[in-house]
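Student: I would like to learn how to read a structure of this kind feature by feature. Could we start with how strands are put together?

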Amino acid sequence: MDFLFIAQQTLSATIGVNTIIFALAAIGLNMHFGYTGLLNFGQAGFLAIGAYSVAVPVISFGIPLWIAFLIGIFNSVIFALLLGVPTLKLRADYLAIVTIAAAEIVRQIARSATFNEWLGGSDGITGKFGKDFFALNPFKSGLDTPILRFNANDLWVVITGWSLVAAITFVMWIMVNSPWGRVMRAIREDEDAVRSLGKNVYLYKMQSLIIGGVIGSMGGFVYALSRQSVQPDNYGTALTFFAYTVLILGGAARVFSPVVGAMIFWFLIVFIEQVLRQGVTNNVIPHWLIGVNQVSQIRFMLMGLGLMALMIFRPQGIFGDKKELALDAKA
Amino acid sequence: MQKPKSIDASFALTTSPTPGSAKSDPILVADKIARQFGGLTAVNVDHLEVQRGSITALIGPNGAGKTTFFNLLTGYDTPNSGTWSFNGRALNGIPPHKVARLGMVRTFQLTKALYRLTVIENMALGARGQKGESVLRSVFPWMWRAQEAEIRERATAILTNFKLIEKQDDFAAALSGGQRKLLEMARALMVEPEMVMLDEPMAGVNPALKQSLLEHIKELRTEGKTVLFVEHDMDMVHEISDWVIVMAQGEIIAEGTPASVMGNQQVIEAYLGAHHNEDLSANQEGA
């Protein structure tokens with residue numbers, strides 16, 4: 001077995017493009033769910049809107065990429081308003097139902113034949129819509145060391161992506177520790193009490209939905225740019241639930257938990273996959289137990305088992321405060 | 001904040017003890033308020049005035065519509081008909097947070113302490129006009145830090161008065177039921193209300209804490225605030241209220257001083273039933 005290769009693959013994934021995408025998706029969810037108590041099950045919809053908003057204007061309409069980013073932010077704000085206006089006055093569960101449906105509607109519209117000309121149907125869009133972005137890449141060659149390996153484009157995405165994650169995390173840290181963040185956490189606990197103290201709860205929930213959604217759509221920017229392609233089926237409900245997994249791994253309502261959660265998530269997925277794959281090909285794991293084609297399913301099974309163990313032995317996540325969670329059970 | 005005109009508990013002596021009677025200086029006036037749930041009329045109040053600067057108790061048997069009436073007055077529920085005003089300002093269609101901003105702040109029958117916030121955070125949340133609560137300014141801490149310090153100072157003072165100061169850094173969920181009631185009331189004071197609406201402030205509170213809660217409510221009157229509270233504990237009603245309003249089956253059936261109300265035949269009947277002195281077995285034989 002090639003342990004160095006396993007280490008290289010695993011570490012590269014731990015700080016890689018996918019980790020950035022999932023960290024951004026989960027930072028948005030942390031705003032929604034961790035701090036405000038909004039059950040948004042449609043985060044994939046925000047990512048899809050972000051991804052299509054950078055690809056479609058550039059490829060189908062010849063708009064510069066920089067304007068496409070602004071379009072993406074604008075679209076995700078509109079999407080948040082569409083979700084929030086009818087549901088935020090209702091009980092929390094309605095938002096969950098509406099968001100999960102809305103995200104699917106976004107995906108179905110994207111893959112529908114009607115808009116094939118602009119959105120590319122079920123094949124999505126592939127093309128050099130990120131060329132303005134990669135033109136700024138100062139790295140002529142990629143990174144190839146025994147423990148980390150990125151090609152030139154990925155290296156540029158990783159560096160800009162982590163800068164974005166750091167900036168957003170910093171701003172989030174200030175915001176959630178401000179009086180504004182206090183109102184958000186109070187809404188998570190009991191909206192009616194917050195109303196009785198003269199706060200416009202509806203407005204705050206809308207702000208939370210918009211901010212978390214815009215951050216999620218930035219995850220979509222990274223998703224689309226890093227692959228130079230957008231496929232509608234990448235933005236299914238599984239993406240939302242993986243983002244929740246990331247958030248819960250790290251521990252909800254902690255600023256750094258989405259980042260660390262995403263790193264652990266991708267570390268485990270790639271590590272398990274590489275070990276199994278190497279084990280099977282080198283006959284360390286017998287063929288009657290696991291075949292080569294089963295590896296990618298089995299890694300998710302093991303991942304699921306690990307999550308169950310986490311929920312049993314450390315229900316607050318990696319960073320969560322056990323006392324705080326115990327209080328929740330009492331309340 | 002508006003300065004109270006006069007703190008005059010003697011209004012009770014000059015006011016007529018009849019349902020819906022006029023007060024010399026009403027802060028809250030309600031007219032023809034009705035709320036139906038399907039076929040059930042939960043609240044049907046013809047006219048009600050609450051005297052400014054008084055402690056007024058709202059009593060009545062279970063299911064009389066007291067809490068529903070509270071919800072209607074504070075914007076948490078909408079009546080099918082009726083009008084009501086606070087400080088002369090009509091409150092129809094005004095959402096709860098605006099009612100609170102106008103100076104009428106309520107507490108809840110089932111205490112709504114914000115569990116996973118600390119006691120001091122619960123308090124600080126109550127302060128009005130916080131610059132740092134705006135989404136844009138929240139990002140620039142230097143814009144709100146000074147104000148936050150002032151708020152914390154005020155919160156600390158109130159917590160000290162309520163003897164919760166040692167608990168200020170604990171999560172609210174770690175408080176006892178009685179302490180949560182105290183916290184909820186203390187938090188309501190952070191809003192600097194003119195009128196405090198307390199929904200069963202004594203429910204589930206042990207006798208020692210009860211006495212301190214009573215003192216705090218009396219203090220509110222001394223500060224010129226108006227208190228309207230729902231309560232089942234008759235000793236408490238007797239001890240602190242200037243005026244008592246009795247509801248039964250959604251209507252106001254009596255009003256008056258605590259002493260006069262408790263001797264009122266209609267009130268006794270509402271609580272105990274009209275036939276409470278009759279022999280049940282005699283009735284059964286008749287049937």
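Tutor: Two strands pair if DSSP finds at least two bridges between them, while strands (E, at least two residues) and helices (H or I, at least four) are DSSP runs numbered from the N terminus. This is a predicted model, in which local features need pLDDT of at least 70 and side-chain atom pairs count only at pLDDT 80 or more, whereas totals for chains, interfaces and linings use all residues. Residues are numbered from 1 along each chain as its sequence is written, and chains are lettered from A and ligands numbered from 1 in the order in which they are written.

Student: How many bridges join β1(B) and β2(B), and in which sense do they pair?

Tutor: Strand β1 (residues 26-37) of chain B pairs with β2(B) in the antiparallel sense, and the pairing extends over 10 bridges. To follow the register, take B:A34, whose bridge partner in β2(B) is B:N44, and then B:R35, which stands opposite B:V43 in β2(B). The hairpin of these two strands, β1(B) and β2(B), has two residues between the strands, and B:G38 takes a positive phi near 60° in it.

Student: In what order do the strands of that sheet stand, and which are at the edges?

Tutor: The sheet is open and antiparallel, with four strands of chain B in the order β2-β1-β4-β5. The edges are held by β2 (40-51) and β5 (89-90) of chain B, each with a single partner strand, so one side of each is left without a neighbour in the sheet. Inside the order, β1(B) and β4(B) run antiparallel and are joined by five bridges, and B:L28 stands opposite B:F86 in β4(B).

Student: Which helix lies across β1, β2 and β4 of chain B, and at what angle does it run to β2(B)?

Tutor: For such angles, axes are lines fitted to C-alpha atoms, for helices over the stretch in contact, and the angles run from 0 to 180 degrees between N-to-C directions. Here helix α2 (residues 66-73) of chain B lies across β1, β2 and β4 (81-86) of chain B and runs at about 65° to β2(B).

Student: What is the strand order of the six-stranded sheet of chain B?

Tutor: That open sheet follows the order β6-β7-β8-β3-β9-β10 in chain B, and its pairing is mixed. Because β6 and β10 (251-256) of chain B stand at the edges with a single partner strand each, one side of each is left without a neighbour in the sheet. From one strand to the next, the twist averages 20°. A parallel pair is found between strand β3 (residues 55-59) and strand β8 (residues 226-230) of chain B, which are joined by four bridges, with B:L58 opposite B:V230 in β8(B). Helix α10 (residues 265-272) of chain B lies across β9 (243-248) and β10 of chain B, at about 135° to β10(B).

Student: How should I read helix packing, taking α2 and α8 of chain A as the case?

Tutor: Two packed helices are described by the angle between their axes and the distance between the axes. Helix α2 (residues 17-36) and helix α8 (residues 152-176) of chain A pack at an angle of about 15°, with 8 Å between their axes. Residues are in contact if their C-beta atoms, placed from the backbone, lie within 7 Å. In α2(A), the residues that meet α8(A) include A:I20, A:L24 and A:I27, and those that they meet in α8(A) include A:V158, A:W162 and A:V165. By class, this contact has 13 nonpolar, two polar and one charged residues, where Ala, Val, Leu, Ile, Met, Phe, Trp, Tyr, Cys and Pro count as nonpolar, Asp, Glu, Lys and Arg as charged, and the others, Gly among them, as polar.

Student: At what angle do α3(A) and α4(A) cross?

Tutor: Helix α3 (residues 43-61) and helix α4 (residues 65-87) of chain A cross at roughly 145°, and their axes come within 8 Å. Among the residues that meet are A:F46, A:I49 and A:S53 in α3(A), and A:A68, A:G72 and A:F79 in α4(A). The contact of α3(A) with α4(A) divides into 11 nonpolar, six polar and no charged residues.

Student: How many residues does each chain give to the contact between chains A and B?

Tutor: Chain B gives 31 residues and chain A gives 28 residues. On the side of chain B, the elements that give two or more residues are α3 (96-102), β6 (104-106) and α4 (119-126). That side of chain B comprises 16 nonpolar, six polar and nine charged residues.

Methods:
Two residues are in contact if their C-beta atoms, placed from the backbone, lie within 7 Å.
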